[in-house]
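Trainee: I'm new to this one. Can we go through it together, with the reasoning behind each label?

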Amino acid sequence: MCSFRVHLFGGARPPALPTVLGERPPRAAPTLAVLRRRNLHVKIVRHSARARVAAVGLATSGALLLAGCGAANESGAPAEAGGEAAASASASIAGAGATSQQAAMEAWVAGFSSVAPDATVSYDAAGSGAGRTQFVDGAVQFAGSDSALNDEQLPLAQTLCGGADNVIQLPLYVSPIAVIFNLPGVPTLQLSASNIAKLFNGSITNWNDPAIAAENPGVTLPDLAVTPVNRADDSGTTENFTEYLSAAAPADWTSEPDGVWPLSGGASAQGTSGVVGLVGSGAGSIGYADESQAGELGKVSVQVGSEYVAPTAEAAAAVVAASPRVEGGGAANFAVELARDTTAAGTYPVVLVSYTIACTQYADAAVADTVKAFLSYIASDEGQQAANANAGNAPITDEQRSQFLPVVESIGAAG
């Protein structure tokens, strides 16, 4: 029999840890009856030997915590995904950060529980900015972030982790950012970077504008006001999106790239789910969100060179593969400088690269082993395929895996 403990924090921060190197989060969990009273619905689905868990119906982004399923390892066979440390991993570790990673994290935590039945992992999908802050404050052992640590945060992380080369930043979640819209009877549109920028900065105010019509021959565009929707929170998705606009349409988008939306006007919502919900509820709305969470909303095919490219995992991966690694930041830093203004065929430049941030050393050996095992599982082919099935992200390449795993294997106890 396979049993689970599931913690869903309705947008709230999980119990804080005094330091990233020390105390473990509590393991107590609310009952399903309590979750239902909070309007949080939990669905547990088992596929073959491995348990899959999906948390659905959340009013806000939340944290998911699982522990205790060893179904895939009941035979006693050694665990391959997650490395040799997986079967013996026994600590409770906490992470926080990007809402874009939430669906992937559900798959990672569920899959990891099958190879590390004695370990517990929690993740608070509070947003990239909150995740980076909690990490450098020592409140969590790892973070998910849609942008790398900035110039102010990196030195704090280096102090926390014990040195410049001890801060891990691995791009383990890659996904296209879809430009989503709600136009009755119009399932897809073709747009240049210039027109996307104008729709969001207020230069184009109606959907039947001649500039939109010119790129979409044969499409009946409604006489409907444009309502741009942006993220209200400090968001790595916003930073990635504004980086694209700044690089690909500099004449029309003059604001500096930032995780905080730089313009006034329009509408705003908290988190990815908030933006998707607001766009979905208002005809004429346009927004941006991780493609895996866009649902049935219309999605823009973006002009790249002489073609229009849809937001697919394959096209997003093609951009990342062609982008150089950022220099500096330490030996374990694999942040990339994305080619946002590319004209290469088959690439989709509105891409989100979400990093897993951690330390190479922890004071508690059990914590270090569990972090190492969990990150090994995320980077494994099994972990990447599980996330792809649940979230639609682009799995990392074998070449990337061969670069990342030695860094993960170096995680250990300090001193």
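Trainee: Sure thing to start with: why is helix α3 (residues 128-136) called largely enclosed by the rest of the structure?

Mentor: Keep in mind that this is a predicted model. A residue counts as buried under 20% relative accessible area, and 7 of the 9 residues of α3 are buried, so the helix is largely enclosed. Those buried residues are S128, G129, G131, R132, Q134, F135 and V136.

Trainee: What covers the buried residues of α3?

Mentor: Several elements do, including β4 (92-97), β5 (120-124), α4 (153-161) and α7 (236-248). After α3 comes G138, with a positive phi near 80°.

Trainee: What makes α2 oblique to α10?

Mentor: Helix α2 (residues 102-115) packs against helix α10 (residues 365-379) at an angle of about 120°, and their axes are 10 Å apart. Roughly perpendicular covers 65 to 115 degrees and roughly antiparallel starts over 145, so α2 counts as oblique to α10. The crossing is right-handed.

Trainee: Which residues of α2 and α10 meet there?

Mentor: On the α2 side they include W108, F112 and V115, and on the α10 side F374, Y377 and I378 are among them. The contact of α2 with α10 has 10 nonpolar residues, 2 polar and no charged.

Trainee: How do you know that β8 pairs with β12?

Mentor: Pairing takes at least two bridges, and 4 bridges join strand β8 (residues 188-191) to strand β12 (residues 298-304), so they pair. The two run parallel. L189 has V300 as its bridge partner in β12, and L189 also sits with L191 on the covered face of β8, while T188 and Q190 are on the uncovered one.

Technical notes
Residues are numbered from 1 along each chain as its sequence is written. This is a predicted model: local features need pLDDT of at least 70, side-chain atom pairs count only at pLDDT 80 or more; totals for chains, interfaces and linings use all residues. Side-chain values use heavy atoms; hydrogens and water are left out. Buried means under 20% relative accessible area, exposed over 50%, partly exposed in between (1.4 Å probe, protein chains only). Contact means heavy atoms within 4.5 Å. Axes are lines fitted to C-alpha atoms, for helices over the stretch in contact, and angles run from 0 to 180 degrees between N-to-C directions. Angles under 35 degrees count as roughly parallel, over 145 as roughly antiparallel, 65 to 115 as roughly perpendicular and the rest as oblique. A crossing is left-handed if the near helix is turned anticlockwise from the far one by less than a right angle, and right-handed if clockwise. Ala, Val, Leu, Ile, Met, Phe, Trp, Tyr, Cys and Pro count as nonpolar, Asp, Glu, Lys and Arg as charged, and the others, Gly among them, as polar.
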